[in-house]
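Trainee: Could you take me through the aromatic pairs in this one, up close? I'd like one connected walk rather than a list.

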Amino acid sequence: MIFSTSSPITFAAPITADLVVYGGTASGVVTAYAAAKEGLHVILLEPGSHLGGMVTGGLSATDVAYFPIIGGYARDFYREAAAHYGVHTLNKHSDWLSEPKVGEAIFTEWLQKTGVEVHFHERLKEKHGVTMSGFHVRSIKTEDGQIWQAKVFADCSYEGDLMAQAGVKYTVGRESREVYNEDLAGVRVDTPKHQFLWKISAYDDKGKLMPEVMPGPMGADGAGDKKVQTYNFRLILTNNPANKLPWTKPEGYNVAQFELLAKYLSQWKENMHREPRMGDVMNPVAIPDKKADFNNNGAFSTDYIGHSWDYPDGSYAKRKRIWDAHLLYTKSFYWFLASDPRVPKPLQDEVNSWGRTKDEFQDTDGWPNQLYIREGRRMIGMYVMKQSDLQTNRTKPDSIAMGSYNSDSHNIQRVAMPDGSVRNEGDVQVPVKPYEIAFGTILPKKSETNNLLVPVCLSASHVAYSSVRMEPQYMMLGQAAGVTAVLAIQGKSAVQDVSIAALQEKLRSQKVILHLDQQVLGIGVE
């Protein structure tokens, strides 16, 4: 087994495997692991230097929703993580939470014991990185010039670059309500969550539009657009003095960026009849070892609203600028709260009681190594998952996994309204019941490519993706992708022609929960 961090400058020949997985996200790890356990020679290429994507990149407050539908290797992962802390059940939410370093160690061990070749710092060549033979992906080339050949490929990245270069059709942004008859689709002019709690002006005292507010217009209710939901960094912070790093002023800090937040906080006590607390501007969820996963909360938080739109189809250089801007925003947000005299003292004291941890993300000074790309490209594949698949058409004969998390899209824009007030737009938070996920959601159309699997940038509308985009689902879809690769190679068939009966039989033997009747019976519950 090889764990490579760099490659030589020149190469004698292409490197060949049965399956090449592009992207070391949690889905990529499970895809590789599932295939290797069945005997395939698997190579995993990761553009960065870590395994696990968001699972090990700050999202430790796992989005589990209804526990019993999470089965297979995803459940094995969370069971092993819980066991690290002496917990041997997965019956309450706290059982599913672990530190990033623990998760990455588990993923690393899985790939080592199954013989997966892992190569870090291997990013797909930005142009002409995929060689096709008809509808067959023959090979891919990484930036260092290395060519990687395989019988089957899986794009498990958050960006979907392999998928895009292979000529697979995809979309970015929000469909209008009419496209798939979805009443949650498109622009949402009236949403109460993560919203300003009282009317506040979008303009400063001189009548100038405040930073981090867009001039608008918001768009017509239900209209489609090319805008994507907001990204952020999920911080792992601690209030343990022995493990805490102090807040420091970041290079490039611009206090004007937070004028709207300063105004909002200055009016808080008058409107809410109490001082603001840390939980009003972010969402901490306790995880083991005196740490917490800090996500966004409220109208102005760690979500960098409106700055994600160009990421999905952006060049590598543009994506880096967007990534770096998000990191600077995050550092600046915390520094503002920790240091600015306009921040109410109780809130400032609370922020300063927390800090980045010394023992997480050690190669990035305690800042997460993964930007939370909540949504990017979405494949238009064999089956497009829609709002109805979450609500009324919840069973699938070709189910390969299940979902149960709310329809959950973060805000997309912050705009000045015609009356002069500021408003956030795009939030979706609608409960769902457990639903089944069709095999066709991870399959490109056969007329585009016949040996590529896409379990992360899967085929779904914006509304459906807002629920299915959770990491446990990515992992379970990765398991299905890995097993599909095995069956396609064994049968010398296109991935689209794999027997769904054989696939489901194998997945059931691996304790994947495929159907509503299984979860109703309590299969998979400890």
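Mentor: Sure. One definition to start: a residue is called buried when its relative accessible area is under 20%. Keep in mind that this is a predicted model.

With that cut-off, Tyr 231 is buried, because its relative accessibility is 0%. Tyr 311 sits at 3%, so it counts as buried too. Now for the rings themselves. A pair of aromatic rings is described by the distance of the centres and the angle of the planes. There are 25 aromatic pairs in the model. Take Tyr 231 and Tyr 311: the ring centres are 5.6 Å apart and the planes meet at 85°, so this pair is edge-to-face. The pair ties together distant parts of the chain, 80 residues apart. Tyr 231 belongs to the loop between helix H5 (177–180) and strand S9 (235–238), while Tyr 311 belongs to the loop between S12 and helix H9 (316–339). Tyr 311 has a charged partner as well: the charged end of Arg 319 sits over its ring, 5.5 Å from the centre.

Next, Phe 258 and Phe 300. Here the centres are 6.1 Å apart and the planes are at 55°, so the pair is tilted. These two also link distant parts of the chain, 42 residues apart. Phe 258 lies in the loop between strand S10 (244–245) and helix H6 (259–266), and Phe 300 lies in the loop between S12 and H9. Phe 258 counts as buried because its relative accessibility is 0%, and Phe 300 counts as buried because its value is 2%. Both belong to a cluster linked by ring pairs, whose other members are Trp 247, Tyr 304, Tyr 329, Phe 333, Tyr 334, Phe 336 and Trp 367.

Since S12 keeps coming up, look at Asn 295, which is in that strand (residues 291–295). Its relative accessibility is 10%, so Asn 295 is buried. The side chain of Asn 295 makes a polar contact of 3.2 Å with the side chain of Arg 374. Setting aside neighbours within four places in sequence, the contacts of Asn 295 include Asn 232, Arg 234, Ser 301, Thr 302 and His 410.

One more charge-over-ring case to check on your screen: the charged end of Lys 386 sits over the ring of Tyr 383, 4.7 Å from its centre.

How values were computed:
Residues are numbered from 1 along each chain as its sequence is written. This is a predicted model: local features need pLDDT of at least 70, side-chain atom pairs count only at pLDDT 80 or more; totals for chains, interfaces and linings use all residues. Side-chain values use heavy atoms; hydrogens and water are left out. Helices (H or I, at least four residues) and strands (E, at least two) are DSSP runs, numbered from the N terminus. Buried means under 20% relative accessible area, exposed over 50%, partly exposed in between (1.4 Å probe, protein chains only). A polar contact is a pair of N or O atoms within 3.5 Å; within protein, one must be able to donate a hydrogen and the other to accept it, and residues adjacent in sequence count only if both atoms are side-chain atoms. Contact means heavy atoms within 4.5 Å. Rings of Phe, Tyr and Trp (its six-membered ring) pair if their centres lie within 6.5 Å; planes under 30 degrees apart count as stacked, over 60 as edge-to-face and the rest as tilted. A charge sits over a ring if NZ of Lys or CZ of Arg is within 6 Å of the ring centre and within 35 degrees of the ring normal.
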